[in-house]
Amino acid sequence: MTNNTILVTGGAGFIGSHTVVALAEAGFRPVIIDDFSNSQQSVLEGLKQILGYEVPCVAHDCNDRQTLLDLFQQENVRGVIHFAAFKAVGESMEEPLRYYRNNLGSLLTLMDVMLETGVSNLIFSSSCTVYGEPEVLPVTELTPIQPAASVYGNTKQIGEEILRDVDAANKALKMIALRYFNPIGAHPSAQIGELPLGIPSNLVPYLLQTASGLRQQLTVFGDDYPTPDGTCIRDYIHVMDLAEAHVSALQALGQMTGAGSHYDVFNIGAGQGNSVLELIRTFESVSGQALNYRIGPRRAGDVTAVYADATKAREQLGWTAKRSLREALEDSWRWEQMLRAKV
Ligand code: WQD
């Protein structure tokens, strides 16, 4: 039998855990390394419920060369999907060194170990944040990158540059960076989903906690943007669609041969822009209840609108988002209700 073990760093996180499911369903053997600094052990139980077996997991910081070396050897790792990173935009502005050290340090260590052990396939989590406030919509991979508006965003930009520079220096690694748009939703089984620590800063987790009574009211950050209803526009993508993009990217890496570049980058979005108010309306229809919200001031750092042209991923990875905004919110709401029933 061919060895198809894929190391998933940050595999207990929101996107990581759903990708573990997609990998297993596609016949890969996922192995997790996660330090649980922003994730919970209960995710492993959820994965077990879905897959019917325990996914191997090392509870450790992945910015540790020896741990990675041991893991690569013991598990016979053949490819890596690197999710492990801090991701809170506001926090990154307060603790830049911690963000640079963690997000870039782990990437450098990982790539060192890959080169040392001859493991060539790497998928890197990037973000649509690299486009900043784009002049033309939707954004393609050729849309100019803007100076990062946050330290978090900068770690993603620098991460992409590291991949590009390593590719220019030698062809030992095959690498794909995926630029995620706004992931929402949960596994339809409601066994895994997003688990924000503390007060959520992202729209859908805050909205869910408001609907379930944990928060009193959602504030819509500004309705005076130059958009049809005045609220910001984003590309909300179901996390299972996003997870499946990693499987497609991994398969595409296998085909990356020859003397040319072994690094490529893809937008992973639904390809549709929705406003904050549209999302709220869709959620109200899904949940059958009115949401308590008010219009508040703009939030610093928010861009007016960004959504993906995902043609390149369709043509070259054979991947396209299949699930609707409504389906994503149905799955999110099922997950939230299950969570609240537990506590
Ligand atoms: C979406 C929209 C808000 C909360 C961020 C990161 C990005 C990424 C995903 C991370 C915006 C509005 C939000 C609220 C609101 N990567 N909103 N009330 O800012 O598009 O992207 O998360 O891991 O890099 O920047 O996502 O969910 O915070 O906001 O009105 O309480 O909802 O203004 O228009 P964002 P978000």
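**Close-up 1. Strands E2 and E3 pair in the parallel sense.** Two bridges join strand E2, residues 29-33, to E3. Within this pairing, Ile 32 stands opposite Cys 57 of E3. Strands of a sheet pair through backbone hydrogen bonds, and the sense is either parallel or antiparallel. The model shown here and in the other views is predicted.

**Close-up 2. Seven strands form an open sheet.** The strand order is E3-E2-E1-E4-E5-E6-E11. Pairing in this sheet is parallel. Strand E3 (57-58) is one edge strand, and strand E11 (263-268) is the other. Each of these edge strands pairs on one side only.

**Close-up 3. The ligand sits in a shell of 19 residues.** The closest of them are Leu 203, Thr 219, Phe 221, Arg 234 and Asp 302. Strand E8, residues 218-221, gives the most to this shell, with four residues. By class, the shell holds nine nonpolar, six polar and four charged residues.

**Close-up 4. Polar atoms of Asn 202, Thr 219 and Asp 302 face the ligand at short range: 3.0 Å for Asn 202, 2.7 Å for Thr 219 and 2.6 Å for Asp 302.** For Asn 202, the pair joins a side-chain N or O atom and an oxygen atom of the ligand. For Thr 219, a backbone N or O atom lies by a nitrogen atom of the ligand. For Asp 302, a polar side-chain atom lies by an oxygen atom of the ligand. How much of the ligand does the protein bury? Taken alone, the ligand exposes 690 Å², and the protein buries 87% of that.

**Close-up 5. The whole structure holds one cavity of 30 Å³ or more.** About 60 Å³ of space lies in this largest cavity. Which elements give two or more residues to its lining? They are helix H5 (96-117), strand E5 (121-127) and helix H6 (151-169). Strand E5 also belongs to the open sheet of seven strands, where it stands between E4 and E6 in the order.

**Close-up 6. Residues line the largest cavity from several parts of the chain.** His 82, Phe 83, Ala 84 and Ala 85 are among them. The lining also includes Asn 103, Leu 104 and Leu 107. Phe 124 and Ser 125 take part as well. Thr 155, Lys 156 and Gly 159 are further lining residues. By class, the lining has six nonpolar, five polar and one charged residues.

How values were computed. Residues are numbered from 1 along each chain as its sequence is written. This is a predicted model: local features need pLDDT of at least 70, side-chain atom pairs count only at pLDDT 80 or more; totals for chains, interfaces and linings use all residues. Side-chain values use heavy atoms; hydrogens and water are left out. On a 1 Å grid over the protein atoms alone, a cavity is a set of points where a 1.4 Å probe fits but cannot get out, and a pocket is an open set with protein on both sides within 12 Å along at least five of seven lines; lining residues have an atom within 4 Å of a point. Grid points are joined across faces, edges and corners, and a volume is the space filled by probe spheres set on the points. Ala, Val, Leu, Ile, Met, Phe, Trp, Tyr, Cys and Pro count as nonpolar, Asp, Glu, Lys and Arg as charged, and the others, Gly among them, as polar. A residue is near a molecule or strand if one of its heavy atoms lies within 4 Å of it. A polar contact is a pair of N or O atoms within 3.5 Å; within protein, one must be able to donate a hydrogen and the other to accept it, and residues adjacent in sequence count only if both atoms are side-chain atoms. Accessible areas come from the Shrake-Rupley method with a 1.4 Å probe; for residues, only the protein chains shown count as cover. Two strands pair if DSSP finds at least two bridges between them.
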